[in-house]
Amino acid sequence: MTFKDKTLTAWSNLGRRKVRTALTSVGVVVGIMTLVTLVSLATGVRIQVQQQFEKIGLDRVVVRPSSEGGGGFGMFDFGERTKPITPSDITRWKSWPQVKEVVPEVDMPAGVKARLIWKKDSTPVQIGGENPMRRGPFSDPPEPLAGSLDVLQTPGKIVVSRRFLRHWKIKKNEQKTLLGQNVEIEIKAPRGQTQKYQYVIMGVSNSGSPNVQISTSDRIAIKNWWYDEKDSLKTDGYDSVTLRCADVSGAKLLVEKLRKEKWRVESIDRILDVANRIFSVITLMLSLVGGIALLVASIGIVNTMIMSIYERTREIGTLKAMGASRADIRWMFMIEAGLIGMMGGVSGLTLSWILSKILNRGALWYAEHHKLPMPETLFVITPLLALQAIGFATLIGIVAGLYPANRAASLDPLVALRHE
């Protein structure tokens, strides 16, 4: 018998007992529907997490100088720098094909005491530099209330927060009047000396922190005065550098390349790898729930196939008398069981697709009704998941039919022909 003959015979045998075949496949339908629905939920959440990580900078890499005896980062890293980041390194990194943008940064020394002076009003302030490429995955970037916040590469300019608006008693409709105003930052060193720096306000952020943002070059000037050095970049270099790549794959290549050069590298892709591992475990656990239903369905397939053997014993004997081998009989019953599994898989996948559409609409309605942030698609059935579901259901049927098929193949043709 050819494979086509075996398949056609198995299909015709399923048509003899349509109701029994349908009831047998119900277990597979329920199992696949449960499995696909749960896995599609995990897939949808995974996709949303990946998209959020990509939005916050999965294509960005933070490089820090190598050091000994430290262990901290930035201003709190007291280890001796064995490999500082120099301006020549910045120039070299800018020439790399994977790099799209390079933003060097210098942190203010620990213990800097500064005051912001505007129209003879003096208030304590902290000095920083707002780098949007360095924000964490769970923090929202500040938004401008007036002007621009892009101060990193703009020497002589300063960005103040809305906290100073309250201190200066500036009303909301007067925020823009601050733009272009001259302010001073007064720094007092531990040695007792003071130094004032002149800036022009270029923006007001909605941040409530007591921080002001100035450019990297302005922070280098303050650092030089603080340590009484002509050029701190020659000895300490930059405290960190953010590299932006063209895509995520380029960022991964860049991380490997930088680590080979013995730099300390931070990248969000590590966080994403941990998240993917967690989702893999969750997907496995959810798959086990559907697997239990499929196990019960496989028992039903075994029972149906054994009953079919009893009913068709004489037919099996006739086929063997006509020259059918044991392998032919075995394959015929295994194909029949596989078809039951495949039909259940297709039906279960269809029902799961319908259910996912309903659940997506329900979740979106609930989120809109309660004003909650919710993606439009929470249950995602990918083409790969659909093919895997149908293939797995077919495999379950074949495995379940293995014992009945072997039993049918081992029947003695003479005994089978005499069977009533």
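This report describes the overall make-up of a predicted model and then turns to two valines of helix 2, Val-39 and Val-30.

## Overall architecture

The protein in this predicted model has 420 residues, of which 42% count as buried, and its secondary structure consists of 13 helices and 13 strands. Its accessible surface amounts to about 22,800 Å², with 60% of that area belonging to carbon and sulfur atoms.

When contacts between residues at least 6 apart in sequence are considered, 79% of them join residues that are at least 24 apart.

## Val-39 in helix 2

Helix 2 spans residues 18-56 and includes Val-39. The relative accessible area of Val-39 is 9%, and because this value falls under 20%, the residue is classed as buried.

Once neighbours within four places in sequence are set aside, the contacts of Val-39 are with Thr-283, Ser-287 and Leu-385. A further relationship across the sequence is that of Val-39 to Val-380, for the two C-alpha atoms are 8.5 Å apart in space although 341 residues separate them in sequence.

## Val-30 and a nonpolar surface patch

Val-30 likewise has its place in helix 2, but its relative accessibility is 39%, a value between the 20% and 50% limits, and it therefore counts as partly exposed.

Together with Val-19, Leu-23 and Val-26, Val-30 makes a nonpolar patch of about 370 Å² on the surface. Helix 2 thus holds both a buried residue, Val-39, and a partly exposed one, Val-30.

Notes:
Residues are numbered from 1 along each chain as its sequence is written. This is a predicted model: local features need pLDDT of at least 70, side-chain atom pairs count only at pLDDT 80 or more; totals for chains, interfaces and linings use all residues. Side-chain values use heavy atoms; hydrogens and water are left out. Helices (H or I, at least four residues) and strands (E, at least two) are DSSP runs, numbered from the N terminus. Buried means under 20% relative accessible area, exposed over 50%, partly exposed in between (1.4 Å probe, protein chains only). Contact means heavy atoms within 4.5 Å. Patches are made of residues with over 30% relative accessible area and no salt bridge: like charges are joined within 9 Å, nonpolar side chains (Val, Leu, Ile, Met, Phe, Trp, Tyr) within 5 Å. Accessible areas come from the Shrake-Rupley method with a 1.4 Å probe; for residues, only the protein chains shown count as cover. A salt bridge is a side-chain nitrogen of Lys or Arg within 4 Å of a carboxyl oxygen of Asp or Glu.
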